[in-house]
Amino acid sequence: MSIQTRPQRLSVTRIRERKAGDKLVCLTAYTASVARLLDEEVDLLLVGDSLAMVVYGFDSTLPIGLEPMIAHGAAVVRSTRHAHITVDLPFGSYQESPEQAFRSAARVMAETGCGSVKLEGGEEMAETVAFLVRRGVPVMGHVGLTPQAVNALGGYRSRGHDSAERDRILRDGIAIAEAGAYSLVVEGVAESLARESTEKVAIPTIGIGGSPACDGQILVIDDMLGLFAEFTPKFVKRYRNLGDEIRAAAHEYAEDVRQGRFPAAEHTYPGPKRAKAVV
């Protein structure tokens with residue numbers, strides 16, 4: 001019997017060991033083609049519920065459910081070999097009870113093959129995080145600006161600028177870390193708060209609109225590549241403007257088709273050769 005060796009994915013243990021060490025490089029991915037391109041460059045790919053906005057065109061993350069998260073998560077897992085893959089638990093799939101959260105997480109992990117799940121919330125979700133971890137589900141936490149609570153928060157505003165909110169978010173991060181999460185996303189908060197949170201918790205923090213002091217960083221891939229041009233959050237650095245490139249390519253294609261320049265002979269299949277006429 002032959003033994004096949006597969007590249008070792010980054011495990012939650014190895015991610016946890018990166019606390020105060022080499023920075024963790026993280027991006028979102030939703031499709032096989034993009035995930036395949038990112039796999040060797042990053043430590044972690046998040047199949048985020050931002051899928052609802054980026055891929056499906058909703059104005060928040062709330063409408064996405066378990067089924068599409070599982071479908072896209074499985075596609076990303078199948079097309080990668082190196083990066084750790086975590087999948088968001090969508091709104092309504094875990095907040096009701098720890099038992100509901102476990103059923104959802106068990107489905108996601110079993111049907112996608114991902115290495116962990118992510119959920120949002122602070123002190124109120126600590127019991128759920130502990131419940132999952134005790135049952136073998138690795139959990140990435142998420143505090144600060146939590147998009148699933150956008151309606152309760154009054155919009156996508158940065159947080160932690162007054163002392164009461166700052167203290168609450170700091171307690172949230174500590175509670176999730178102590179409950180057993182292996183890492184913690186800190187989103188859209190005052191830089192000093194993200195820095196202090198990183199100092200106070202024993203697990204790696206992953207910033208998005210946080211602080212360079214965080215143990216890693218994550219961006220939404222479409223924001224980073226300039227595919228979403230309608231609005232650019234303050235914390236996004238655009239490394240390319242692929243939206244402009246795509247529009248330009250589509251324009252050139254359209255002109256070639258309209259002018260009869262495409263397809264050219266080299267883009268078509270020749271028919272059978274005709275026999276030469278005998279005179």
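Colleague: Before we dig in, what counts as a nonpolar core here?

Modeller: It's a set of buried Ala, Val, Leu, Ile, Met, Phe, Trp, Tyr and Cys residues joined through side-chain atoms within 4.5 Å. Keep in mind that this is a predicted model.

Colleague: Sure. How many residues are in the largest one?

Modeller: It has 57 residues, and L27, L45, I85, V108 and L119 have the most contacts inside it. Helix α8, residues 163-179, gives the largest share, 6 residues.

Colleague: Which residues does L45 touch?

Modeller: Leaving out residues up to four places away in sequence, its contacts include L27, A29, L38, V76 and I85. T28, T80, H84 and T86 are also among them.

Colleague: Is there a second core, and how many residues does it have?

Modeller: A separate core has 13 residues, including V12, M140, I208 and I218.

Colleague: Back to α8. What span should the helix have?

Modeller: At 1.5 Å a residue, its 17 residues should span 24 Å, and the end C-alpha atoms are 24 Å apart, so the two agree.

Colleague: Which of its residues are buried, and what covers them?

Modeller: The buried ones include E165, I169, D172, I176 and A179. The cover includes α6, β5, β6 and α9.

Colleague: And what happens at the two ends?

Modeller: At the start, a side-chain oxygen of D162 reaches to within 3.2 Å of the backbone nitrogen of A164. After the helix comes G180, with a positive phi near 120°.

Colleague: New topic: how much space lies in the largest pocket?

Modeller: About 760 Å³. The lining has 32 residues, with E187, V220, D223, P233 and F235 nearest the centre. α3, β6, β8 and α10 each supply at least two lining residues.

Notes: Residues are numbered from 1 along each chain as its sequence is written. This is a predicted model: local features need pLDDT of at least 70, side-chain atom pairs count only at pLDDT 80 or more; totals for chains, interfaces and linings use all residues. Side-chain values use heavy atoms; hydrogens and water are left out. Buried means under 20% relative accessible area, exposed over 50%, partly exposed in between (1.4 Å probe, protein chains only). Helices (H or I, at least four residues) and strands (E, at least two) are DSSP runs, numbered from the N terminus. Contact means heavy atoms within 4.5 Å. The expected span of a helix is 1.5 Å times one less than its number of residues. A polar contact is a pair of N or O atoms within 3.5 Å; within protein, one must be able to donate a hydrogen and the other to accept it, and residues adjacent in sequence count only if both atoms are side-chain atoms. On a 1 Å grid over the protein atoms alone, a cavity is a set of points where a 1.4 Å probe fits but cannot get out, and a pocket is an open set with protein on both sides within 12 Å along at least five of seven lines; lining residues have an atom within 4 Å of a point. Grid points are joined across faces, edges and corners, and a volume is the space filled by probe spheres set on the points.
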